Amino acid sequence: MDSKLVEPKYRDQITRQLGDDLSRRSLIGTIVYLLIWAALMLPSMSELTNRGHNTALLICTAAVLTVSVLRLALVLFYREKAKKLNTPSLWPLQLGVFTSGAVWGLICYYLISTPAFADCTMSLFVATAGLCAGGITSLAPSKESVSIYLFTLVTPLAAGLLVADVPRATSIAWLFSIYVCGLYAISGLHRREYFSALNTKMKLVEQTERLSQLNTIDPLTGLKNRRFFETQLSYEFKRAVREESSIAIILLDLDYFKAINDQFGHLIGDECLKEMARTISCQLNRSLDIVARYGGEEFAVILPNTAQQDAYLLADKLRQKIEHMSIKVHAKTVQFTASFGLSTIIPTINDSEIELLSQADIALYAAKNNGRNRVEIFDPDSSASFDLVCQGAV
Ligand SMILES: Nc1nc2c(ncn2[C@@H]2O[C@H](COP(=O)(O)OP(=O)(O)OP(=O)(O)O)[C@@H](O)[C@H]2O)c(=O)[nH]1
């Protein structure tokens, strides 16, 4: 691969894309290769057989068939490698190009230098010119493949022209030289355009990924936002149904936040939210847990595979951490508390995550009503939350 044309950070993805493209093109190339041989030989087959050249023809046909099967096998081998490796080497594809080019070139040499096949010479030149054009167009993204193909295909043909008594040999040699040079130059342009398009595509993919990442993040706290939370909740809920495992939701809301804003200003209010986000994130040690800013001063936590008692212990630990947090503003210290609503379920197919969320909301509402700075667990029996052993009520 031409590394000057590829941005280093996209090297791996582009190498992979190049391999995919070349393997697809090689498949088509192999079929066209076979068809060209058939079109070249079938019309003159009976005549050549009558002249007693059937053994030579059979050997050439067997060689064309063998090299096509080999090339096909190499493409499949490359595809198998590509399933396991991120950036598989392109050598199987290049070996396929080399063998098919070399076999065609040698057959050309043999047919041109054998007087009995003089009738086929013109159609052989046309077929080889077509193979050159098609091969170079489809292999253009790989400079090495183009060079291998041209060299193996054209060198024996040129040698054949030198040794055999071909009418207008000089003219044909010139025509082929111009033709091959022109094709080679055009393949360079094609290659530049191909890699420029790939670099642009990779940049777009990268920017789209970054944008969709940003789309899931709350800019103030750096936590995930509500949209992400809801998507993940749905996903985790379905997983809990499948695995028949417990899932818990904690909703927490800063107490009297309006008063903090009014007293210290919105910037200090923002600092409280950021500090709170940091505290919640620090307390969640499992990578499975998801914390998000659910609303203005409201946060939400999903705890997959967590029983009610464990979720309660975590919520109360968070409550205590927040209670003991403080933010310095000039000479003053801002302290605040938060209220928590908790709901847990081992869901079945008939349950829904929206129900679980609204249960956590009911429990949070109860925590606010029951005095704030406390954890309430949703009680399914009374359909209202009840106070659990929570020590820090204001
Ligand atoms: N600084 C800041 N304030 C916010 C933000 N989002 C919401 N708020 C404020 O949060 C306050 C929420 O007030 P309320 O809904 O009355 O709740 P509260 O004062 O916390 O009272 P309780 O929840 O009942 O304890 C409002 O004053 C909002 O303006 C934010 O991003 N930054």
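Two residues are in contact when heavy atoms of theirs lie within 4.5 Å. Keep that cut-off in mind as you work through these exercises on a predicted model.

**Exercise 1. Which residues does Leu5 contact, leaving aside its neighbours within four places in sequence?**

Solution. Start by placing the residue: Leu5 sits in the segment before helix 1. Next, apply the cut-off and skip the sequence neighbours within four places; Leu5 is then in contact with Arg191, Arg192, Phe195 and Asn199. Finally, look at Leu198: in sequence, Leu5 and Leu198 are 193 residues apart, while their C-alpha atoms are 9.9 Å apart in space.

**Exercise 2. What share of the contacts in the protein with a separation of 6 or more comes from residues 24 or more positions apart?**

Solution. First, take stock of the protein, which has 12 helices and eight strands. It has 394 residues, and buried ones make up 47% of them. Now take the contacts with a separation of 6 or more: residues 24 or more positions apart account for 69% of these.

**Exercise 3. Are helix 4 and helix 5 roughly parallel or roughly antiparallel?**

Solution. Begin with what you need to know: two packed helices are described by the angle between their axes and the distance between the axes. For helix 4 (residues 91-113) and helix 5 (residues 121-139), the angle is about 165° and the axes are 11 Å apart. An angle over 145 degrees counts as roughly antiparallel, and therefore helix 4 and helix 5 are roughly antiparallel to each other. Their crossing is left-handed. To see the contact, find Val97, Trp104, Cys108, Leu111 and Ile112 on helix 4, and on helix 5 look for residues including Leu124, Phe125, Thr128 and Leu131. Sorted by type, the residues of this contact are 10 nonpolar, two polar and no charged.

**Exercise 4. How is helix 1 oriented relative to helix 4: roughly parallel or roughly antiparallel?**

Solution. Use the same kind of reasoning. The axes of helix 1 and helix 4 cross at roughly 20° and come within 10 Å. Since angles under 35 degrees count as roughly parallel, helix 1 is roughly parallel to helix 4. The crossing of helix 1 and helix 4 is left-handed. Helix 1 contributes residues including Tyr33, Ile36, Trp37 and Leu40, and among those from helix 4 are Val103, Trp104 and Ile107. This contact divides into 11 nonpolar, three polar and no charged residues.

**Exercise 5. Which residues have the most contacts inside the largest nonpolar core?**

Solution. The largest nonpolar core has 54 residues, and Trp37, Trp104, Phe125 and Val166 are those with the most contacts inside it. At least two residues of this core come from each of helix 1, helix 3, helix 4, helix 5, helix 6 and helix 7. Helix 7 gives the largest share, nine residues. Now zoom in on Trp104: not counting residues up to four places away in sequence, Trp104 touches Tyr33, Ile36, Trp37, Leu40, Ala127, Thr128, Leu131 and Leu153. There is also a second, separate core of 34 residues, which includes Ile260, Val291, Ala315 and Ile327.

**Exercise 6. Is Ser245 buried or exposed?**

Solution. Locate Ser245 in the loop between helix 8 (226-243) and strand 1 (247-254). The relative accessible area of Ser245 is 11%. Buried means under 20%, so Ser245 is buried. Not counting residues up to four places away in sequence, Ser245 touches Ala240, Asn305, Ile345, Ile346 and Pro347.

Terms used:
Residues are numbered from 1 along each chain as its sequence is written. This is a predicted model: local features need pLDDT of at least 70, side-chain atom pairs count only at pLDDT 80 or more; totals for chains, interfaces and linings use all residues. Side-chain values use heavy atoms; hydrogens and water are left out. Axes are lines fitted to C-alpha atoms, for helices over the stretch in contact, and angles run from 0 to 180 degrees between N-to-C directions. Helices (H or I, at least four residues) and strands (E, at least two) are DSSP runs, numbered from the N terminus. Angles under 35 degrees count as roughly parallel, over 145 as roughly antiparallel, 65 to 115 as roughly perpendicular and the rest as oblique. A crossing is left-handed if the near helix is turned anticlockwise from the far one by less than a right angle, and right-handed if clockwise. Ala, Val, Leu, Ile, Met, Phe, Trp, Tyr, Cys and Pro count as nonpolar, Asp, Glu, Lys and Arg as charged, and the others, Gly among them, as polar. A nonpolar core is a set of buried Ala, Val, Leu, Ile, Met, Phe, Trp, Tyr and Cys residues joined through side-chain atoms within 4.5 Å. Buried means under 20% relative accessible area, exposed over 50%, partly exposed in between (1.4 Å probe, protein chains only).
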